[in-house]
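Subject: The model you asked to look at

Hi,

Here is the structure to open up while you read. My notes follow below it, so keep both side by side.

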2 protein chains.
Amino acid sequence: MKAGELANRFSVNVNTVRHYVRSGLLSPDKDASGYHYFSAEEERQLAFILRARELGFTLDDIRQLLNDATSGESPCPHARELIELRLTEARQKLNSMQSLVSRMESAVREWQALPDCAPCGDHICHLIEGGHHE
Amino acid sequence: MKAGELANRFSVNVNTVRHYVRSGLLSPDKDASGYHYFSAEEERQLAFILRARELGFTLDDIRQLLNDATSGESPCPHARELIELRLTEARQKLNSMQSLVSRMESAVREWQALPDCAPCGDHICHLIEGGHHE
DNA sequence: ATAAACCTGTGAGCGACTCACAGGTCAAGG
DNA sequence: CCTTGACCTGTGAGTCGCTCACAGGTTTAT
């Protein structure tokens, strides 16, 4: 199977597949004319990569898990450590996204009652500068 | 006021200040020896930038708002449009972060009952490959 | 024979910093 | 006067995970 076909089968951009090849997550053989040949094993490996990505692993994490597996080690202990790490990070990011969204929603709400400002030199945009709530 | 002092006053990394200078959001004059001189106006402008950043505007957005203001236009209409745009994006990102976190939490929960796998050739990591729920 | 539709590697762009580096400037202490 | 150290400068590159563009090679259909 060639790159485009594999990409189609998994509904990902062909450039994503090529990115994984470039960064060593997939290592397909090449045929005589230089085209990549993705075997069933590569296919399974791509499925693994995509599932791991869905679970919040970084590509570096995935590289490490794949290295474990190919060097005969169980990747599971690393997977457990890494997912805890990524989950902590994801929760932090989620929190900051939540406060961002509510900050933005408050601003939009407050701005509805406010007129546009004319540029008068003592502020840049009173909407933005005005509503501090800390 | 020089870069480091300004950065301290606003509790931001001095490199952030320098980044804003480099990308044209701040345009301090320079003294004879080549050092940047941040006036009270620059200071107010940095405060504006930081507040806008808190409200989810991109640096490009902020650049546009500053351009409006310096070209004598009221930035408020743009601010209103842009914040709606960024809010929509932020909500989408928040949603995807929420589903990511719950996917990760489910995985961690399920994995507690599962043993580490030995690498047996027909899977890479059964923890990761196992639990699809779509 | 030629055009369309693939494929290849490589380089660059996204966003908002952050760090590293080489070199200039300045104040304080000996 | 000189050195040390702390600051400053511009520039280049790294982060992350793609995504696109480009120039050129291959294959397939007409």
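First, some wording: Ala, Val, Leu, Ile, Met, Phe, Trp, Tyr, Cys and Pro count as nonpolar, Asp, Glu, Lys and Arg as charged, and the others, Gly among them, as polar. This is a predicted model, in which local features need pLDDT of at least 70 and side-chain atom pairs count only at pLDDT 80 or more, while totals for chains, interfaces and linings use all residues. Residues are numbered from 1 along each chain as its sequence is written, chains are lettered from A and ligands numbered from 1 in the order in which they are written, and side-chain values use heavy atoms, with hydrogens and water left out.

Let's start with DNA strand C. It has 20 residues around it, and the closest are G4(A), R18(A), R22(A), H36(A) and Y35(B) (a residue is near a strand if one of its heavy atoms lies within 4 Å of it). Of the strand C atoms that come within 4 Å of the protein, 55% belong to sugar and phosphate. By class, the surface near DNA strand C splits into five nonpolar, nine polar and six charged residues.

Which helices supply at least two residues each of that surface near DNA strand C? They are α1 (3-9) and α2 (14-22) of chain A, along with α2 (14-22) of chain B. Helices here are DSSP runs of H or I with at least four residues, numbered from the N terminus. With five residues, α2(B) gives the most.

Now zoom in on some polar contacts (pairs of N or O atoms within 3.5 Å; within protein, one must be able to donate a hydrogen and the other to accept it, and residues adjacent in sequence count only if both atoms are side-chain atoms). The side chain of Y35(B) has an N or O atom 2.6 Å from a base nitrogen of DNA strand C, and the side chain of R22(B) has one 3.4 Å from a base oxygen. R53(B) goes for the backbone of the strand instead: a polar side-chain atom lies 2.7 Å from a phosphate oxygen.

On to DNA strand D, which has 21 residues around it; Y35(A), G4(B), R18(B), R22(B) and H36(B) come nearest. Sugar and phosphate make up 56% of the strand D atoms within 4 Å of the protein. A polar side-chain atom of Y35(A) is 2.6 Å from a base nitrogen of this strand, and one of R53(A) is 2.8 Å from a phosphate oxygen. H36(B) uses a backbone N or O atom, 3.0 Å from a phosphate oxygen. The largest share of the surface near strand D, five residues, comes from α2(A).

Finally, have a look at where the two protein chains meet. There, 56 residues of chain B are in contact (heavy atoms within 4.5 Å) with 56 residues of chain A. About 4,700 Å² is buried between them, with carbon and sulfur atoms giving 71%; buried area is the accessible area (1.4 Å probe) that two parts lose on being put together, summed over both. R80(B), I124(B) and I128(B) supply 15% of what chain B buries against chain A, more than any other three residues.

How many salt bridges are there between chain B and chain A? Four, where a salt bridge is a side-chain nitrogen of Lys or Arg within 4 Å of a carboxyl oxygen of Asp or Glu. D116(A) forms a salt bridge with R80(B), with the closest N and O atoms 2.8 Å apart. On the side of chain B that touches chain A, α5(B) provides the largest share, 23 residues.

Cheers
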